[in-house]
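I opened this model to look up its empty spaces and the surroundings of its ligand. My notes follow in the order in which I checked things.

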Amino acid sequence: MNTPTILTGLRVNSELTLGNFLGALVPMVRLANAHSETFHINIFVPDLHSIISDIDGELQTNIIKSLKYYLAAGLKINDNIHFYRQSYVPAHTELSWMLNCIATMGELNRMTQYKDKSAGKESVNVGIFDYPVLMAADILLYDAKYIPVGEDQFQHLELTRRLAERFNRKFGETFTLPATPKEQITFMSGGSDQDGIRIRDLQNPERKMSKSNPAPNSKIMLDDEPTTAAKKIMSATTDSLGKISFDMFNQPGISNLLQIEALVNDLPLQDVVSTWSGETHYGDLKQKVAASVSTMLADFQRKFATISDQEIFDLLETGETYANEVANKKLLSVQQAFKLR
Ligand code: TYM
């Protein structure tokens, strides 16, 4: 029987945020540590996705740093863990072109992330528009079943499923369909019934925490001093209702803090919510979350400093050999379906 695959990627256009960390990186590390005996664990850097927009810092430095982050977050390495860079596996762009030939303008036009990124702009590059098709190729090349991502990426997962279904219908069973977003959440949360993860902007909790928001207090970066991160939590926007409850609609700021507290401590959200429910002092909750986040960051940054670049280059060398082998095999079956081979 084929070993199934869990796969994820983080764009490294700048330092990563606590949103990237809690929405995708930590879930991937926990899934990998729990399942790497029975799943392939593909951890890749979507560097070709990075060049659709500006890059802060040096792309190469950001790439190596982001891969060290998985190790610093506790990833245990074994032969089923594969690190690779997208641009080192040319099959990604080749499959992406072929999927372009079955994707429609209408479905790409509907992507929320595209709408957000193009809003109010006179002209946007084609890469921004076509980005979800490359993401579908990233997933389908490896027949990945589970893709730990934050809730903002679920629409792209739905598109990936649709493209795979359309291709299979037209050419015969070629791609494994990734699990539905609901199944992904169940798998990621170990069976409990939760929503997808969306860490909110600390100043404006209606919005997701995003690296592209220039306001420093809106987001926690993984290289923030732990004391700075604690101050940002203490100054987070809440509300005037004066009671703690988990209600993303009416109390997004408080709910965001409860969510962060649960994820940082690896506790079920329900447990954290019931501990705090009915309490009235927002300051106490903020202090607890600030302490959790600063302790976690200090520990994480300490481990990060012990990992050498060479360790990552060694992992990339074996990972990219593996990825090219698997991806080229799948690419050949798609080329054959189109009668290119
Ligand atoms: P990117 O680089 O925008 O974000 C990386 C991951 O972080 C998650 N994330 C969040 N989760 C919770 N709360 C937030 N505030 C938050 N902000 C970001 C994102 O959901 C994502 O999981 N298209 C992807 C990269 C990609 C990819 C792939 C992912 C390319 N190909 C194939 C998985 C599989 C992206 O731009 O994520």
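Entry 1, the cavity. I began with enclosed space and found that this structure, a predicted model, holds one cavity of 30 Å³ or more. The volume of the largest cavity comes to about 60 Å³. I then listed the residues that line the largest cavity, and they are Ile 52, Met 111, Gln 113, Tyr 114, Lys 117, Ile 128, Tyr 131, Pro 132 and His 156. When I asked which elements give two or more residues to this lining, I got helix H6 (112-118) and H7. Sorted by class, the lining of the largest cavity has six nonpolar, two polar and one charged residues.

Entry 2, the ligand site. I turned next to the ligand and noted that the space it takes is the largest pocket. Strand S1 (5-9), helix H1 (18-35) and helix H7 (126-140) are the elements that give two or more residues to the shell around the ligand. I counted 27 residues around the ligand, the closest being Tyr 131, Asp 138, Gly 150, Asp 152 and Ile 199. Tyr 131 is thus on both of my lists, since it also lines the largest cavity. By class, I recorded 13 nonpolar, eight polar and six charged residues in the shell.

Entry 3, polar contacts. I looked up a polar backbone atom of Arg 11 and found it 2.9 Å from an oxygen atom of the ligand. For Gly 19, a backbone N or O atom lies 3.2 Å from a ligand nitrogen atom, whereas Asn 20 places a polar side-chain atom 3.1 Å from a ligand oxygen atom. Finally, I noted that the protein covers 98% of the 710 Å² of accessible area that the ligand has on its own.

How values were computed. Residues are numbered from 1 along each chain as its sequence is written. This is a predicted model: local features need pLDDT of at least 70, side-chain atom pairs count only at pLDDT 80 or more; totals for chains, interfaces and linings use all residues. Side-chain values use heavy atoms; hydrogens and water are left out. A residue is near a molecule or strand if one of its heavy atoms lies within 4 Å of it. A polar contact is a pair of N or O atoms within 3.5 Å; within protein, one must be able to donate a hydrogen and the other to accept it, and residues adjacent in sequence count only if both atoms are side-chain atoms. Accessible areas come from the Shrake-Rupley method with a 1.4 Å probe; for residues, only the protein chains shown count as cover. On a 1 Å grid over the protein atoms alone, a cavity is a set of points where a 1.4 Å probe fits but cannot get out, and a pocket is an open set with protein on both sides within 12 Å along at least five of seven lines; lining residues have an atom within 4 Å of a point. A molecule sits in a cavity or pocket if more than half of its atoms lie within 2 Å of its grid points. Helices (H or I, at least four residues) and strands (E, at least two) are DSSP runs, numbered from the N terminus. Ala, Val, Leu, Ile, Met, Phe, Trp, Tyr, Cys and Pro count as nonpolar, Asp, Glu, Lys and Arg as charged, and the others, Gly among them, as polar. Grid points are joined across faces, edges and corners, and a volume is the space filled by probe spheres set on the points.
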